[in-house]
Amino acid sequence: MFINGVPPEMGKTLFLFCIHHIIHDGWSLNILLDDLSDIYNAYSKNMPLLMTPPPSSYINFISWQKNNITEEILTKQKDFWGKQLNKLSKLELIYDKVRKEGNEKPLSKRVNFKVNATITRQLKIISITNQATLYDVLITAFGLFLSHYSNQDDVNFITAVSGRH
């Protein structure tokens, strides 16, 4: 992690920090930003910093993991998930070009777009009405998109999540 305070103008300070993605995720980044906000607020008001230590730490987790997760357990988990994931159907997208197997260059293209404010409001209403997050609504729409273009009723894809049990 790189942290630096840069005085760009008289009476102002710019605080910069750069974190490599390998040392944080969305969950821990929010915790870090909350802590930085608390520190800044206390410092800027000349008030004492009242932060409670976290109930556990990464060191505690590593210690627990070392003492409780054996090679045998990891092998069983790997085998279990390998069997579960092998049961999933392969996504058969329809291409406008023949897909080449092997080490050929993959057929891919990035499409950038923006969702306007009206559609964003409508999506938020859908999420609230269905007691779902906006992420859930968008990922469901992506699943419908894949279903439509693959002509398959069941599609499977993976998303990264953090902090879920």
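Asn-46 sits in the loop between H1 and helix H2 (58-68). The model is predicted. This loop residue is a good place to start. Most residues other than glycine have a negative phi. Asn-46 does not follow that pattern: its phi is near 50°, a positive value in a residue other than glycine. The turn to positive phi comes just after H1. Is Asn-46 buried or exposed? Its relative accessible area is 73%. Exposed means over 50%, so Asn-46 counts as exposed.

Now step back to the helix before that loop. H1 covers residues 26-44, which makes 19 residues. How far apart should its ends be? At 1.5 Å a residue, the helix should span 27 Å. The end C-alpha atoms are 27 Å apart, so the model agrees with the expected span.

Next, the whole chain. How many helices and strands does the chain have? There are five helices and two strands. Along the sequence they follow the pattern β-β-α-α-α-α-α. The strands come before the helices in that order. The chain has 165 residues, and 6% of them count as buried. Contacts tell another part of the story. Take the contacts in the chain with a separation of 6 or more. Residues 24 or more positions apart account for 28% of these.

Move on to the loop between helix H3 (71-86) and H4, where Asn-116 is found. Asn-116 has a relative accessible area of 43%. That value lies between the 20% and 50% limits, so Asn-116 is partly exposed. What does its side chain reach? The side chain of Asn-116 comes to 3.1 Å from the backbone nitrogen of Thr-118. Thr-118 belongs to helix H4, which runs over residues 117-129.

H4 leads us to its partner, H5. Two packed helices are described by the angle between their axes and the distance between the axes. Here the axes of H4 and H5 come within 8 Å and cross at roughly 105°. That angle makes H4 roughly perpendicular to H5. Which residues meet? On the H4 side they are Leu-123, Lys-124, Ile-126 and Ser-127. On the H5 side they are Leu-134, Val-137 and Leu-138. The residues of this contact divide into five nonpolar, one polar and one charged.

Follow H5 along its residues, 134-150, and you arrive at Ser-150. Is Ser-150 buried or exposed? Its relative accessibility is 6%. Buried means under 20%, so Ser-150 counts as buried. A polar atom of its side chain lies 2.7 Å from the backbone oxygen of Leu-146. An α-helix has 3.6 residues a turn, so residues three or four places apart point the same way. Ser-150 also has partners farther along the chain. Leaving out residues up to four places away in sequence, Ser-150 touches Leu-91, Glu-92, Leu-93 and Val-155.

One more residue closes the walk. Asn-151 is found in the segment after H5. Its phi is near 60°, a positive value in a residue other than glycine. Asn-151 counts as exposed, because its relative accessibility is 68%. Compare the two residues at this point of the chain: Ser-150 is buried, whereas Asn-151 is exposed.

Technical notes. Residues numbered from 1 in each chain as written. Predicted model: local features only at pLDDT ≥ 70, side-chain atom pairs only at ≥ 80, totals over all residues. Heavy atoms only, no water. Helix = DSSP H or I, 4+ residues; strand = E, 2+ residues; numbered from the N terminus. Buried < 20%, exposed > 50% of the residue type's maximum accessible area, 1.4 Å probe, protein only. Polar contact = N/O pair within 3.5 Å; in protein donor to acceptor, adjacent residues only side chain to side chain. Contact = heavy atoms within 4.5 Å. Axes fitted to C-alpha atoms, helices over the stretch in contact; angles between N-to-C directions. Parallel < 35°, antiparallel > 145°, perpendicular 65-115°, else oblique. Nonpolar A, V, L, I, M, F, W, Y, C, P; charged D, E, K, R; others polar. Expected span 1.5 Å × (residues − 1).
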